[in-house]
Amino acid sequence: MFLKKISFLISFLLISFVSTSQNKTKTFLYQGRVEKLSDNKVMLIGTASSVTLNFTGNECSISLQSVDSWEHHNYVSLVLDGKYIGKLRIEKGTAQSFPIKVTSNRKEHTLEIYKTTEAHSGGILFAGTTAKLTSITAKKKRKIEFIGDSITCGAASDPSDVPCDKGEYFDHHNGYYAYGPVLSRAIGVDYLMSSVSGIGMYRNWNDENKDEAIMPDVYQNLYLTKEASKPKYDFAFQPDIISIALGTNDFSGGDGKKERLPFNAEKYVSNYINFIKMLYQHNPKAQIVITNSPMVNGQKAVVFKDCLNKVKEAFASDKTHKPIAIFKFKPMTPKGCSGHPDVADHKVLANEYAPFLKKLLNEK
């Protein structure tokens, strides 16, 4: 594959990069948790957030930069003319120029750039392109938002570039092949990913909500953080369905070293109910789906099921919104890194979940 041999040039001046601010036609399509900046630049923030463009010619370059207070490399996945062509590693530092070559004879090409890593891996700045751009139109589709933890992120799922026992945690992410994006492409819907590794509904993987923020604390921030300097999320997406998969970390025993209290079902259910109430305030027409976890088994799974039922029951008399639905993933022995599902596992999860969501959409 050419991506494994791809060479990049450090680009200090982006003079040659096209600016479309003066164009009346739309030349970029942005999706997911992104921050639109000046001069048609955009910061890709959340898992599988993306920029899509159409262009003519046999080659172009794209300019990308890994941006974070903690300087490190980052990743995007590229899809050219509907074909996944691999991941790009974006080194820390200034913006880098990546050449894109096409071999097909099509007059017009479509390039999709997806942030493979999650929000907490830092932003990826799309700084421009040399492509001869043509107009792009967003097709009207139904919408699903996926709220979750590392499983939803597609974290630790892809050791194809860096083996599981090498590199860093985010080296093994591949949000493009997480179950949410996979099933969304399969049933033809747009999606938004609001997911953070290790996060829970009332506590996190290795924290009792003392030093780390839980999902209800960060969800309304665009960057999924408590940093006041970051912008608020604008809720413009307005999904038809909001899928919530949170609980794996609440039920977790942590690392076995840090103090871990017994699971507090009352607090989990209470936080869940309040979280859904907040979601309804911003997305009044959304159908809420709450799920179990394929990673929580045994007696914990029994307690998990009871908790979800109590959350559903809390809204039983609510005539303003659609009844809350519950989906149960089948138990899974994950084959990815550090006990996570791998890309193949995510396809299994997507195949399980897609018919359920498609049926709900058809009923709306």
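# A tour of pockets, sheet and cavity

The residues that line the second largest pocket divide into 12 nonpolar, 13 polar and four charged. To bring this pocket into view in the model, which is predicted, select Ser-197, Gly-198, Ile-199, Trp-205 and Asn-249, the residues nearest its centre among the 29 that line the second largest pocket. The space in the second largest pocket comes to about 570 Å³.

Next, move to the largest pocket by selecting Leu-29, Tyr-30, Gln-31, Ala-138 and Asp-190, which lie nearest its centre in a lining of 46 residues. Which elements give two or more residues to the lining of the largest pocket? They are the strands β2 (29–31), β3 (34–36), β5 (50–56), β10 (108–115) and β14 (190–195), together with the helix α3 (179–187). About 1,300 Å³ of space lies in the largest pocket, and colouring its lining by residue class will show 17 nonpolar, 16 polar and 13 charged residues.

Strand β14 leads from that pocket into the open sheet, where five strands with parallel pairing follow the order β14-β13-β15-β16-β17. Hide everything else for a moment and look at the two edge strands, β14 and β17 (325–327), each of which pairs on one side only. From one strand to the next, the twist of this sheet averages 20°. At the β17 edge, select β16 (residues 287–291), which pairs with β17 in the parallel sense over three bridges; within this pair, Thr-291 stands opposite Phe-327 of β17.

Now bring back the helices that lie across these strands. Helix α3, already met in the lining of the largest pocket, lies across β13 (143–148), β14 and β15 (241–245), and runs at about 165° to β13. Helix α6 (residues 298–314) lies across β16 and β17, and its angle to β16 is about 165°.

Where in the structure is the one cavity of 30 Å³ or more? Select Ile-151, Ala-245, Thr-248, Asn-292 and Ser-293, the closest to the centre of the largest cavity among the 14 residues that line it. This cavity holds about 80 Å³ of space, and by class its lining has seven nonpolar, six polar and one charged residues.

Two annotated spans can then be coloured separately. In an unreviewed entry, UniProt gives residues 30–132 as "domain: Carbohydrate esterase 2 N-terminal"; this span is 0% helix and 59% strand, with its end C-alpha atoms 18 Å apart. The UniProt annotation "domain: SGNH hydrolase-type esterase", likewise from an unreviewed entry, covers residues 146–297, a span that is 23% helix and 12% strand and whose end C-alpha atoms lie 22 Å apart.

As a last stop, select Gly-339, which is found in the loop between β17 and α7 (343–363). What does Gly-339 touch, not counting residues up to four places away in sequence? Its contacts are Met-295 and Pro-334. To finish, draw a distance from the C-alpha atom of Gly-339 to that of Tyr-75, a residue 264 places away along the chain, and the separation to expect is 21 Å.

Technical notes:
Residues numbered from 1 in each chain as written. Predicted model: local features only at pLDDT ≥ 70, side-chain atom pairs only at ≥ 80, totals over all residues. Heavy atoms only, no water. 1 Å grid on protein atoms, 1.4 Å probe; cavity = no way out; pocket = protein on both sides within 12 Å on 5 of 7 lines; lining within 4 Å. Points joined across faces, edges and corners; volume = space filled by probe spheres on them. Helix = DSSP H or I, 4+ residues; strand = E, 2+ residues; numbered from the N terminus. Nonpolar A, V, L, I, M, F, W, Y, C, P; charged D, E, K, R; others polar. Pairing = 2+ DSSP bridges. Axes fitted to C-alpha atoms, helices over the stretch in contact; angles between N-to-C directions. Contact = heavy atoms within 4.5 Å. UniProt positions renumbered as here; feature names shortened; annotations may be inferred.
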